[in-house]
Amino acid sequence: MEHIISVKGLRIRYLQRGTGIPVVLLHGYSFYAETWVEVGLFDALAADHSVYSFDMPYGAKSRSDKFNAENRDEYADFLNTMLKALSIEPPVLIGASISGEVTLRYLTKGYNARAAVVVGPVGLKGIGNMLGRVAVPLLAIWGEKDTISPPADSKILASQVKNSEIQIIEGASHPCYMDKPEKFTEIVKDFLRRSSA
């Protein structure tokens, strides 16, 4: 299940399990590849998909100084290079917090994807009108009590991305997938059934 790949001089560790349409799980800034295993999403999706979970170069266990941390476009380009190196295309991308922003930037650049889920994505105001370039089905999930990426920011996505839907998980904070893992998994699985066939 655990693998290592070298991408642009960085050793990237990732987990993989299952077969079928590829789903790529991207963690938030304070987390790591196993976070998705710990909340149950990895195994739940691996029953029907080929699931990958990466230690991204901004993660708690894999932080790298090879990037300008303020330039999230660099991370989007790196993600594209990494996915191509593993022939993962077209994937469904699921990104939380900083990875939500990286996922959105990846999509605005026109890189290959089947669909995407962003969870409490940060930096929406910085992406601005470029969000209109997102051309794949997009689900955005927020925790009702998210104070890092306020649920009110969902209006930015809803107004800019034509094929988007918004879900707010009641009683959950920024990492809503940790607060309400069963509800979160249910929402994601339903979206995948409808959008990635």
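Here is a short chat about the nonpolar cores and strand 4 in this predicted model.

Visitor: Where do I start with the packing, and which residues have the most contacts inside the largest nonpolar core?

Guide: The general idea is that nonpolar side chains tend to be buried together in soluble globular proteins. Here, the largest nonpolar core has 37 residues, and F54, L79 and L157 have the most contacts inside it. Helix 3, residues 72–85, gives the largest share of this core, with 6 residues.

Visitor: Which separate core includes L139 and Y177?

Guide: That's a second core, with 28 residues; L25 and I141 are also included in it.

Visitor: Back to F54, then. What does F54 touch, leaving out residues up to four places away in sequence?

Guide: Its contacts include I12, R13 and Y14, then V24, L25, L26 and H27, and also M82, L83, L86 and I88.

Visitor: How should I read the faces of strand 4: covered or open?

Guide: In a regular strand, side chains alternate between the two faces of the sheet. In strand 4, S50, Y52 and F54 sit on one side, V51 and S53 on the other, and all of them are buried. That fits the tally for residues 50–54, where 5 of 5 are buried.

Visitor: And which strands pair with strand 4, in the parallel or the antiparallel sense?

Guide: Take the partners in turn. Strand 2, residues 10–17, pairs with strand 4 in the antiparallel sense over 4 bridges, and Q16 has Y52 as its bridge partner there. Strand 3, residues 22–26, runs parallel to strand 4, joined by 5 bridges. For a landmark, look at L25, which stands opposite S53.

Note on methods:
Residues numbered from 1 in each chain as written. Predicted model: local features only at pLDDT ≥ 70, side-chain atom pairs only at ≥ 80, totals over all residues. Heavy atoms only, no water. Core = buried A, V, L, I, M, F, W, Y, C linked by side-chain atoms within 4.5 Å. Buried < 20%, exposed > 50% of the residue type's maximum accessible area, 1.4 Å probe, protein only. Helix = DSSP H or I, 4+ residues; strand = E, 2+ residues; numbered from the N terminus. Contact = heavy atoms within 4.5 Å. Pairing = 2+ DSSP bridges.
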